[in-house]
Amino acid sequence: KKAAMKKVIKQIDDHIRDGKDYEGKVYISMSACEEDAKQMASMIEKELPNMDGKVLINSIGTVIGSHTGPGTVAIFFWGDERED
C-alpha cells in the first residue's frame, strides 16, 4: 500500500498545476478508509507546502461508494491541461 501511495504522490507531482509551487486546494474523497485518507493528506501536505490550507477529506456518497467499494481514495486538484 505504501508503494501505491508513493506512486500516487509521484503522479500528483507530475501533473499538478505549478508543481511544488501549487497554491490551490486539494481534496480527498474516501470510502471507509479514513486512516488511508489521512496518511495521503499528510504526504500531500509535505509535498505541497504552498497549497491553500490543509487537504480537505470527505466521504464518498452511497451511490458512488456502492460501485467502488470500501478502501477507495480519490484525490482532486487543479492539474495540467489534458491532451487527447
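Which residues does V26 touch, not counting residues up to four places away in sequence? In this predicted model, local features need pLDDT of at least 70 and side-chain atom pairs count only at pLDDT 80 or more, whereas totals for chains, interfaces and linings use all residues. Residues are numbered from 1 along each chain as its sequence is written, and side-chain values use heavy atoms, with hydrogens and water left out.

With contact taken as heavy atoms within 4.5 Å, V26 touches I44, L48, M51, K54, V55, L56, I75, F76 and F77, residues up to four places away in sequence not being counted. The largest nonpolar core (buried Ala, Val, Leu, Ile, Met, Phe, Trp, Tyr and Cys residues joined through side-chain atoms within 4.5 Å) has 17 residues, and those with the most contacts inside it are V26, I28, I44 and L48. Two or more residues of this core are given by each of α1, β1 (26-31) and α2, and the largest share, four residues, comes from α2.

A41 is also found in helix α2, and at 5% relative accessibility A41 counts as buried, a class defined as under 20% relative accessible area with a 1.4 Å probe and protein chains only. Not counting residues up to four places away in sequence, A41 touches I28, V55 and I57.

Helix α1 (residues 2-15) and helix α2 (residues 34-47) pack at an angle of about 40°, with their axes 11 Å apart. That angle makes α1 oblique to α2, since angles under 35 degrees count as roughly parallel, over 145 as roughly antiparallel, 65 to 115 as roughly perpendicular and the rest as oblique. The crossing of α1 and α2 is right-handed.

Terms used:
Axes fitted to C-alpha atoms, helices over the stretch in contact; angles between N-to-C directions. Left-handed = near helix turned anticlockwise from the far one by under 90°. Buried < 20%, exposed > 50% of the residue type's maximum accessible area, 1.4 Å probe, protein only.
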